[in-house]
Structure formats: C-alpha cells, structure tokens
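Student: Could you take me through one part of this structure up close? I'd like to look at the aromatic rings and then see what surrounds them.

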Amino acid sequence: VQVVGGFSLFTDGFVDVFATSTENGRRLSALSERIRGLKNDLTRMQEAIDRRYDDELAAQGIESWTIENDRLKGIIERFTIFTHKQQAGDLVGLNVEEGVEAGDITMF
C-alpha cells in the first residue's frame with residue numbers, strides 16, 4: 001500500500017518543466033498584448049502624421065511635394081542607407097563603420 005501511496009504519474013522534473021512552460025505561456029501572452037498595444041499606438045501616430053502632412057500641404061496650397069535638388073536627394077539616400085545599416089548592425093551585434101568618403105562603396 002505504501003508503494004502505491006508514493007507513486008506519481010509525472011516526475012518532479014516534468015512538473016517543473018510544465019510549470020515553467022505555463023509561466024512562459026502567460027508571459028508570452030502578456031507580451032503579445034503589449035505588442036498589439038504598441039501596434040495600435042503606431043497606427044494612431046501614423047494617422048496623426050498623415051493628417052498633419054495633409055493639413056500642411058493644404059495650407060501651402062499644394063497637393064504633393066518632391067525634392068528637386070539632386071545633391072540633397074543623394075545626401076538623404078546615403079543617410080537612410082547608413083542609418084538602416086547601423087540599425088541592422090546594432091540588432092545583430094556587429095560593428096558598422098562610422099562612414100565612408102565621398103565616392104566609396106558601402107557594402108551590405
């Protein structure tokens with residue numbers, strides 16, 4: 001009778017892993033909710049930016065705008081590429097060079 005009284009269908013290790021998994025599931029669910037909230041915040045921000053942009057275009061009496069200066073376009077394009085490259089390097093833990101001289105090629 002004593003042998004049956006101490007019997008457990010699951011080992012202590014299994015019970016620990018199950019409890020940890022359950023807690024991780026709760027934390028993952030909370031994180032998912034938080035991400036949904038951030039997504040909603042970003043959507044509202046984008047809508048506010050779009051309204052402000054449209055209001056400013058209307059105030060200027062124009063329907064759209066473009067950058068006509070090729071030099072300024074080039075500066076913006078290089079800045080965007082460098083910024084994205086820097087962010088990608090930060091995400092994966094790589095050191096990215098600080099910049100390049102005019103005419104140098106940026107490798108991805």
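Tutor: Let's start with the whole chain, go on to the rings, and end with a charged patch.

This is a predicted model, so local features need pLDDT of at least 70 and side-chain atom pairs count only at pLDDT 80 or more, while totals for chains, interfaces and linings use all residues. Residues are numbered from 1 along each chain as its sequence is written, and side-chain values use heavy atoms, with hydrogens and water left out.

The chain has three helices and zero strands, giving the pattern α-α-α along the sequence. Helices here are DSSP runs of H or I with at least four residues, strands are runs of E with at least two, and both are numbered from the N terminus. Of the 108 residues, 5% are buried. Buried means under 20% relative accessible area, exposed means over 50%, and partly exposed is in between (1.4 Å probe, protein chains only).

Now for the rings. Rings of Phe, Tyr and Trp (its six-membered ring) pair if their centres lie within 6.5 Å; planes under 30 degrees apart count as stacked, over 60 as edge-to-face, and the rest as tilted. That rule gives two aromatic pairs. One joins Phe-10 and Phe-14, with 4.7 Å from centre to centre and 15° between the planes, so this pair is stacked. The other joins Phe-14 and Phe-18, again stacked, at 6.4 Å centre to centre and 20° between the planes. Phe-14 and Phe-18 both sit in helix 2 (residues 12-60), four residues apart, or about one turn of the helix. Put together, Phe-10, Phe-14 and Phe-18 make one aromatic cluster.

How open are these rings? Phe-10 has a relative accessible area of 44%, so it counts as partly exposed. Phe-14 is partly exposed too, at 40%. Phe-18 counts as exposed because its relative accessibility is 54%.

Helix 2 also holds Asp-50, which is partly exposed at 36% relative accessibility. Asp-50 belongs to a negative surface patch with Glu-47, Asp-54, Asp-55 and Glu-56. Patches are made of residues with over 30% relative accessible area and no salt bridge (a side-chain nitrogen of Lys or Arg within 4 Å of a carboxyl oxygen of Asp or Glu); like charges are joined within 9 Å, and nonpolar side chains (Val, Leu, Ile, Met, Phe, Trp, Tyr) within 5 Å.

Definitions and conventions. Areas by Shrake-Rupley, 256 points an atom, 1.4 Å probe, with all protein chains shown as cover. Lys, Arg positive; Asp, Glu negative; His and termini not counted. Charge placed at Lys NZ, Arg CZ, Asp CG, Glu CD.
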